[in-house]
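The exercises below ask for careful reading of side-chain contacts, accessibility and helix packing, and each is followed by a solution in steps. Please look at the sequence and the structure before starting.

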Amino acid sequence: MDLSPIDPATPEPSKVPALEHLVVGVGASAGGLQALQELFEQLPSTSGVSFVVVQHLSPDFKSMMAQLLGRRASMVVRDAEHGERPEPDTVYLLPPKQDIELREGVLCLRERDPEARLHMPIDLFFHSLAMDQGDRCAAVVLSGTGSDGSRGLVTVRQAGGLVLAQSADSATFDGMPLAALATGLVDFVGTPGQIAQTLMRGSSPEPGSDVTASEPALQELIRAFTKATGIDLSKYKDSTVRRRIQRRIQITGQGSLPEYLSFTASKPVELRQLRLEMLIGVSSFFRDAEAWTYLRSEVLPTLLRECGERPMRAWVTACSTGEEAYSLAILLHEAFREASEPADYKLFATDVSEEAVRQASEGVYTEKAVSGIEPVLLNRYFEPVDTGYRVKRTIRERITFAVHNLMVDAPFTRLAFVSCRNMLIYLKPEPQKQVMSRICFGLVPSGVLFLGASETMGDLSTDFEVRSNQHKVYERHGGASRARLPTPSLPKPRPRPVSQRGPMEDMYRSVLGRFVPPGVATDARFEIVHVFGDVQPYITLPQGRMSTNLTRMLPPAASVLVTSAARRAREEPDGVVVTGVALGKGEAGDIRVFAVDRSEQEDHGFLVFFDQAKRPASDVGMDLDEASSDRLRQLEAELGVTRQHLQTAVQDLEASNEELQATNEELVASNEELQSTNEELQSVNEELYTVNAEYQAKIQQLEELSNDLADLLRSINMGAVFLDHELTIRRYNEVATRVVPLVSHDLGRHLRDLRWRIDYADLEADATMVLGGGPATVRTATDEAGTLWEVSILRHQHDVGPVGLLMILADVTAAKTYERKLADQAALHDAAAQLAKVGVAVLDLESRTVEISAASKVVLGVEPHVMLDYETLETMLRRSSDEAAGTSLVRTFETTRSSTRLRVSARPGTRERTMVIAFQPIDDAL
């Protein structure tokens, strides 16, 4: 397991971050809108942080996220644009149909691949964010289904960034948060509001809170950490350790290192979180694919040949969750398979983390974790399960997973291959030497060492030959090695005072042999733990399975008496003596039983001594009745206890039965709720049927309207062509084919692609102008046959949908001919009137308008440029009479509406004229 985080000066990303402020990637999916609103409600408008929100968006609908989120956020919220640099205090949203990355401090958008089997936009952005910004980034995983984001946050943690996830109980959908938590790399878990507060603490450390190497509290914290986890942080680089501790101080909201030390003392689980902060499992199948390709083609076949008939032994150190170990096992299987030999190897995979080793031994990985494996190898060495894929047994049984601390524990030996990648870079120089010495000690001559991209051999470079400097593959040569297996310093043994202890021990043995009778010491279950003197005359070994139980080594009668005496001896401080007991060889003797109080254990022990009287057993009276009575009382007591236990069990069973009955009632209630839910679903189904019927009625109405429109287009004597917003043909009628030869497959063709039969050169330009919002146009054009067409272009738009055009094509040949004839006749009449000096005026009595010819103005003596209206003409034409005001001839004619011919005096201006006026009514039908 690699130490976290990656030091910016060692592995990727190696370049200086392009942005000075913190950039936060936020991943969300189903139920993410509410979580995003809660998050940005708690963030100030001057946070000094850029946020990039990546969601799973439908490509078929317009996203309203900017408007919905902008109402609740105090920062600027807008869609991201390609090529722009993220600015502080701004939230950038992923547009639909796009994927987003951060490269050299610039947001890069690209079209989403519609054929991609797995679409993981959150993982994609998290990975690019970590590679571009290093430790000046953070990843936030909010509500959503699936596991998108769980792989990308690994890269963020590897680069030193902050990882936060929404708690499962506060998320509408907990799939993505749980997948993030399963990685074991999340720095903080909480509600969106708590995540906002943590982000602000992490982005702006408090003044004076930096951790210094000389601070006494740091050394005390390291000692407490080592005691709790078994991992000695003093062997890791100080800068990495201080940076990780500093970040935990900020995340937990502590003001200083002493406060954090007190916090860990009151909350020991924080030391485990700090352990996760220090150790991070960054692993994947066939990581650095080119290096694995080199191993497969150039290294492993050679090792197999050199091993010959011996099984090949390999070791993967810091195996994390097992991806690298299984990758090596797959390549070894492939190498044996290509050599047509049965797989004969043993692979050891170790890690300091028990959780990682447990997960690795299970061999179960998500579909996304195995997505980088070749399909052939995936089908050959993995089997699908509910949660993804499991490594087949043929591979798993070849690997031994174990917890192992490479800096303390002894190495494996007789190894042909060792992989130690991306672990040495976190150690100080001296621990690096110790680790490399252990590895070199375990490798056989010609064994291969596989290191990480940023690691070197150090002082042991003379023990190895470079196989590939690019891929960090080294071979141990067969000469004398400088590697020495480090040995732990043991305390010097204290000198044994032989002169004082030796004689006393001899005296003790002499006293025991002279004054202590033969006997044994047993535990509470009569298992013999020590023997005094020669007890062979009294006890014998039982037949069958070996046993050291005293009751099985004594005769049956003596066994009953001893167990009864032992029970009474617990209450008798001076012990119990049983006389006349039949012992070995048909003789009788006494047995003394003492109870020994062992304060460190719950039960007593017993001392049993034998005293043989050397008289026949028949001469000795044996009190077996009393012993039997004691044994019977003991059995009765045990029976009473058993009855009590049985009664307790019966009561427990009755309680369990009641609980089961309650559970059954709950199930019945749940069933009733399900039935109620089913009824609600049935009601919803009925509503859906109603909505469907409404839609069917709408469809029928649309069909009727469509039929009416088709009938109208067929019946009118004008051509009609419908165009969409791109000037392509949508619909036309039969008359329109006289102007443009259209057939059914021309639907969808552009206006310019058709061969029009009229001489209308600006047709496309006029259509574009009208479509853009210009006024409707009406033009006349002649076709090839000489027919005159009036072309009207009109703009139309429905309540919903884009703008379109309607072109009306009307044959105006006859109308234009008739119009010209009328114009010619009017001109002839005007010429005749002028020659005859007769004026003609047409008066419309309804609309009170007048049309007067030029000759009429001459007769009336009016200048040609003077405009005469109805009222003026009425005033001029008044009949001369004795009446002072005169009588209006127009009004007289308006009343009589009959033909009249009168001589009148007209006064146009100041000159009086006499003229003859003839009124002739015109029939309305004309």
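**Exercise 1.** Classify R525 as buried or exposed from its relative accessible area, and then do the same for D523.

*Solution.* The model is a predicted one, and the classes follow from computed areas. R525 has a relative accessible area of 59%, and because exposed means over 50%, R525 is exposed. D523 has 12% relative accessibility, and because buried means under 20%, D523 counts as buried. The side chains of R525 and D523 nevertheless meet in a salt bridge, with an N to O distance of 3.9 Å, which satisfies the cut-off of within 4 Å.

**Exercise 2.** Determine which parts of the chain are tied together by the salt bridge between R592 and D611.

*Solution.* Begin with the contact itself, in which the closest N and O atoms of R592 and D611 are 3.7 Å apart. Next, place the partners: R592 lies in strand β25 (residues 587-596) and D611 in strand β26 (residues 605-616), so the pair ties together parts that are 19 residues apart in sequence. Finally, compare the accessibilities: R592 is partly exposed at 30%, and D611 is likewise partly exposed at 35%.

Salt bridges that share partners also join R287, D288, E324 and R421 into one network, and two members of this network are the subject of the next exercise.

**Exercise 3.** Describe the salt bridge between D288 and R421, and state where in the chain each partner lies.

*Solution.* The side chains of D288 and R421 meet at an N to O distance of 2.6 Å. This pair links distant parts of the chain, since D288 sits in the loop between β11 (279-280) and α11, whereas R421 sits in the loop between β18 (415-420) and α16 (429-442), 133 residues apart. As for accessibility, D288 counts as partly exposed at 40%, while R421, with a relative accessible area of 4%, is buried. By the salt-bridge rule, the count for the model comes to 21.

**Exercise 4.** How do the axes of helix α11 and helix α12 cross?

*Solution.* The axes of α11 (residues 289-307) and α12 (residues 323-338) come within 10 Å and cross at roughly 55 degrees. That angle makes α11 oblique to α12, and the crossing is right-handed.

**Exercise 5.** Which residues form a nonpolar patch on the surface together with I922?

*Solution.* The patch consists of V838, V840, V842 and I922, which together have about 340 Å² of accessible area. I922 lies in the segment after β37 (913-919), and at 58% relative accessibility I922 counts as exposed.

Conventions. Residues numbered from 1 in each chain as written. Predicted model: local features only at pLDDT ≥ 70, side-chain atom pairs only at ≥ 80, totals over all residues. Heavy atoms only, no water. Patch = residues over 30% accessible without salt bridge, like charges linked within 9 Å, V, L, I, M, F, W, Y side chains within 5 Å. Areas by Shrake-Rupley, 256 points an atom, 1.4 Å probe, with all protein chains shown as cover. Helix = DSSP H or I, 4+ residues; strand = E, 2+ residues; numbered from the N terminus. Buried < 20%, exposed > 50% of the residue type's maximum accessible area, 1.4 Å probe, protein only. Axes fitted to C-alpha atoms, helices over the stretch in contact; angles between N-to-C directions. Parallel < 35°, antiparallel > 145°, perpendicular 65-115°, else oblique. Left-handed = near helix turned anticlockwise from the far one by under 90°.
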